[in-house]
Amino acid sequence: MQPAHIVVRHWADWISASPLSQWLQDQLWIVPTSQSIHLVMIGVVFGCALVLNLRILGISTSGRPVSTLVRTLVPWIYFAMVVLLITGVIQTITEPVRQFITPAFWWKMFMIVVVLFATQWLARSVRKDPEKWDNGSTRPRTAAIVALVSLALWIGIIYCGRFIAYTWELHL
Amino acid sequence: MSVEGLLAVLQNSTVGRTISGNIGSGWWFANIETLHVLATSAVFGSIAMVDLRLLGVTSRDSTVSRLSQEVLVYTWVAFALSVITGTLLFISKAETYFHNLQFQLKFLFMALAGLNMLMFHFGTYRRVLQWDNALPPPIGARLAGALSLALWICVIFMGRWIGFKT
């Protein structure tokens, strides 16, 4: 069996040579446009994540109850994640080697999966027992940990995303 | 000193050369830029929340004044961080950025967004208590929200485009 990095490089080269990737590579406006839309949606996700998680952590003491924030903001997070997935796939098909050979890319993907599970767990727990979650003294103790980890993950995801551009050539 | 002279001084200063990687580890620019992305994301996300409420699209169970109070703290803290990190990035390539069209447009859009905010604040928002709950919000509020959203999206597009043109 071949080592993993050889296998992913093989996939990347295959995608890169495909007619779709070739066509995308010729449209020079596509990557900057897709990345700009990607950034707008990162803003939506990160803004929602900050407001929601800092409220759960009790750092923001004024404002709407946690259950209202979950009901309002989590659907926006999911909506933005769909657009992020679409633009991310476009960028990956256009420049597959750059993404696949870079550890920052795989770290980012891993953290996205974890943070989505954390978000879904949070949203489900809050919907099941909103009163308990709205009151800071009856909120489960795991809530603060999940909120803190989620925030750290979102920051890590954005960090790794930006660092794909700065580190990929080191792995060529 | 001329503007060109000042730009050269900034770019050739120890701070400028450290960030651009002429001296030192070479990782300052990447890290400061990532912090800039984090900060500007928080600026946009929090502003978008208020803008969408002004449009009557989301957060409809909260009054406009209450939502502003809750969210705009994030905007200003993140904006301060954006200004600090943005200034540092500017210093590292002052001559290039100053003459870059996308950079100039980014500042034009930010100025317009600021003007829009001021006009709203000293206009429609002064009577906010009369329409705090109204759905849809008055035309002045909806217009300000739509303009703000559009202008900040333009700011992000230009910001991203600077990196492809420098």
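## Exercises on a two-chain helical model

Helix α4(A) bends by about 30 degrees at L73(A), with a proline, P75(A), following within four residues. Keep that bend in mind as you work through the exercises below, and remember that this is a predicted model.

**Exercise 1.** Work out what span the 29 residues of α4(A) should have, and compare it with the distance between its end C-alpha atoms.

*Solution.* Step one: take the rise of 1.5 Å a residue, where the expected span is 1.5 Å times one less than the number of residues. Step two: for the 29 residues of α4(A), this gives 42 Å. Step three: look at the end C-alpha atoms, which are 40 Å apart, so the two values agree.

**Exercise 2.** Do the same for helix α1 of chain A, then find how many of its residues are buried.

*Solution.* Step one: α1(A) covers residues 4-17, which is 14 residues. Step two: from its first C-alpha to its last it reaches 20 Å, close to the 20 Å expected at 1.5 Å a residue. Step three: count the buried residues among these 14; the count is zero, and α1(A) is hardly covered.

**Exercise 3.** Describe the side of chain A that touches chain B.

*Solution.* Start with the contact as a whole: chain A gives 24 residues and chain B gives 26 residues. Next, find the helices on the chain A side: α3 (30-56), α4 (66-94) and α8 (141-167) each supply at least two residues. The largest share, 13 residues, comes from α3(A). Finally, sort the residues on this side by type: 14 are nonpolar, eight polar and two charged.

**Exercise 4.** Sketch the overall build of chain B.

*Solution.* First, list the elements: chain B has eight helices and zero strands, so to write the order from the N terminus on, you put down α-α-α-α-α-α-α-α. Second, draw the box filled by the C-alpha atoms of chain B, roughly 55 × 30 × 25 Å along the principal axes. Third, add the burial: 38% of the 166 residues in chain B are buried. Fourth, look at contacts in chain B between residues at least 6 apart in sequence: 77% of them join residues at least 24 apart.

**Exercise 5.** Is G86(B) buried or exposed?

*Solution.* Locate G86(B) first: it is found in helix α4 (residues 64-92) of chain B. Then count its C-beta neighbours inside 10 Å; there are 20, so G86(B) counts as buried. As a last step, compare G86(B) with Y74(B): they are twelve residues apart in sequence and 18 Å apart in space, C-alpha to C-alpha.

Technical notes:
Residues numbered from 1 in each chain as written. Chains lettered and ligands numbered in written order. Predicted model: local features only at pLDDT ≥ 70, side-chain atom pairs only at ≥ 80, totals over all residues. Contact = placed C-beta atoms within 7 Å. Nonpolar A, V, L, I, M, F, W, Y, C, P; charged D, E, K, R; others polar. Bend = angle between axes of the 7 residues up to and from the residue. Buried ≥ 20, exposed ≤ 12 C-beta atoms within 10 Å, placed from the backbone.
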